[in-house]
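Open the model in your viewer and keep the selection tool at hand. The tour goes from one selection to the next.

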Amino acid sequence: MADSRVIVRNNGPIRIEGENIVLTDQEGNSYGLAGRTVISLCRCGQSANKPFCDGSHNRTGFASECRALEMPPPAPPKTA
């Protein structure tokens with residue numbers, strides 16, 4: 001299986017690169033990606049083609065710069 005990569009682009013979309021990308025809605029229905037190995041997902045909320053990016057962030061002045069960081073370990077599961 002080929003590696004996948006998720007890239008958070010400054011002032012732009014989330015880009016997903018890889019073979020066999022599977023994107024589903026909350027009910028588990030798959031989006032038909034027609035074999036694409038690269039997709040971009042909207043972060044600005046203005047795309048007319050959500051969840052996909054249509055470049056609206058360029059017209060609306062969307063600004064969000066994200067730098068990689070180390071997350072803390074997940075909390076242990078709660079026991080009853």
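Which residues does T37 touch, not counting residues up to four places away in sequence? Select T37 and show its contacts: I16, E17, G18, E19 and I21. Keep in mind that this is a predicted model.

Stay on T37. Its place is in the loop between β2 (14-17) and β3 (38-41). T37 has a relative accessible area of 34%. It counts as partly exposed because that value lies between the cut-offs of 20% and 50%. Now add N10 and draw a C-alpha to C-alpha distance. T37 and N10 are 21 Å apart in space and 27 residues apart in sequence.

Next, select Y31. This residue also lies in the loop between β2 and β3. Y31 is partly exposed, at 32% relative accessibility. Leaving out residues up to four places away in sequence, Y31 touches L23, T24, D25, P51 and F52. For a distance, pick T60. The C-alpha atoms of Y31 and T60 are separated by 26 Å, with their positions 29 residues apart along the chain.

Move on to F52, one of the contacts of Y31. With residues up to four places away in sequence again left out, F52 touches L23, Y31, L33, I39, S40, L41, C42 and S47.

Finally, which residues make up the largest nonpolar core? Select I16, I21, L23, L33, I39, L41 and F52 together: seven residues in all. In soluble globular proteins, nonpolar side chains tend to be buried together. Two members of this core, I16 and I21, are among the contacts of T37. L23 and F52, also in the core, are among those of Y31.

How values were computed:
Residues numbered from 1 in each chain as written. Predicted model: local features only at pLDDT ≥ 70, side-chain atom pairs only at ≥ 80, totals over all residues. Heavy atoms only, no water. Core = buried A, V, L, I, M, F, W, Y, C linked by side-chain atoms within 4.5 Å. Buried < 20%, exposed > 50% of the residue type's maximum accessible area, 1.4 Å probe, protein only. Contact = heavy atoms within 4.5 Å. Helix = DSSP H or I, 4+ residues; strand = E, 2+ residues; numbered from the N terminus.
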